[in-house]
Amino acid sequence: MTAARTAPPIPNRLELPLSEGYSLRVDFDRAHDRWAHRVLLVVPEGSGIVGPVLLLESMEGTSEED
């Protein structure tokens with residue numbers, strides 16, 4: 001019996017600092033056989049904006065779709 005193969009661990013969040021406490025963040029989450037991702041704008045505390053603000057989000061298909 002052989003051991004199950006798994007993908008090496010990868011970071012599930014990347015963050016790029018912008019200016020004045022803002023940053024751009026990309027979150028990756030495993031969705032069955034796909035990787036879902038979201039792009040968010042992270043705002044500084046006290047900015048008056050409730051954040052993080054979702055900018056883009058992937059739409060995952062099924063395992064029968066490319």
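## A four-stranded sheet and its salt-bridge network

Strands β1 and β2 run antiparallel and are joined by five bridges. Strands here are DSSP runs of E with at least two residues, numbered from the N terminus, and two of them pair if DSSP finds at least two bridges between them. Keep in mind that you're looking at a predicted model, where local features need pLDDT of at least 70 and side-chain atom pairs count only at pLDDT 80 or more, while totals for chains, interfaces and linings use all residues. Residues are numbered from 1 along each chain as its sequence is written, and side-chain values use heavy atoms, with hydrogens and water left out.

Now for the sheet as a whole. It is open and has four strands, in the order β1-β2-β3-β4, with antiparallel pairing. The edges belong to β1 (13–17) and β4 (53–57); each has a single partner strand, so one side of each has no neighbour in the sheet. On average, neighbouring strands are turned by 20 degrees against each other, ignoring direction (the axes are lines fitted to C-alpha atoms).

Let's walk through the strand pairs. Between β1 and β2, R13 sits opposite D27 of β2, and E15 has R25 as its bridge partner in β2. The β1–β2 hairpin has five residues between its strands, and E20 has a positive phi near 55 degrees there. E20 belongs to the loop between β1 and β2, and at 72% relative accessibility it counts as exposed (exposed is over 50% relative accessible area, buried is under 20%, and partly exposed lies in between, using a 1.4 Å probe and protein chains only).

Next door, nine bridges hold β2 to β3, again antiparallel. R30 faces W35 of β3 in this pairing. The β2–β3 hairpin has two residues between its strands, and H32 takes a positive phi near 60 degrees in it. Why do these phi values deserve a second look? Most residues other than glycine have a negative phi, and most peptide bonds are trans.

At the other side, β3 and β4 pair over four bridges in the antiparallel sense, with L41 opposite V53 of β4. In the loop between β3 and β4 you'll find P52, and the peptide bond leading from G51 into P52 is cis, its omega near 0 degrees.

Then there are the charges. The structure holds four salt bridges, counted when a side-chain nitrogen of Lys or Arg is within 4 Å of a carboxyl oxygen of Asp or Glu. Among them are these:

| Salt bridge | N to O distance |
|---|---|
| R25 and D27 | 3.2 Å |
| D27 and R38 | 3.9 Å |
| R38 and D29 | 3.0 Å |

D27 turns up in the table with R25 and with R38. D27 lies in β2 and R38 in β3 (residues 34–42), so this pair ties together parts that are eleven residues apart in sequence. How buried or exposed are the residues involved? R25 and D27 are both buried, D27 having a relative accessible area of 5%. R38 counts as partly exposed at 25% relative accessibility, and D29 is partly exposed too, with a relative accessible area of 29%. Through shared partners, salt bridges link R13, R25, D27, D29 and R38 into one network.

Two serines round out the picture. S23 is part of strand β2 (residues 23–31), and it counts as buried because its relative accessibility is 6%. Which side chain does the S23 side chain meet in a polar contact? That would be E15, at 2.7 Å. (A polar contact is a pair of N or O atoms within 3.5 Å; within protein, one must be able to donate a hydrogen and the other to accept it, and residues adjacent in sequence count only if both atoms are side-chain atoms.) Leaving out residues up to four places away in sequence, S23 touches E15, L16, P17, L18, L40, L41 and V42, where contact means heavy atoms within 4.5 Å.

The other serine, S58, lies in the segment after β4. With 18% relative accessibility, S58 also counts as buried. Beyond residues up to four places away in sequence, S58 touches W35, A36 and H37.

Terms used:
Axes fitted to C-alpha atoms, helices over the stretch in contact; angles between N-to-C directions.
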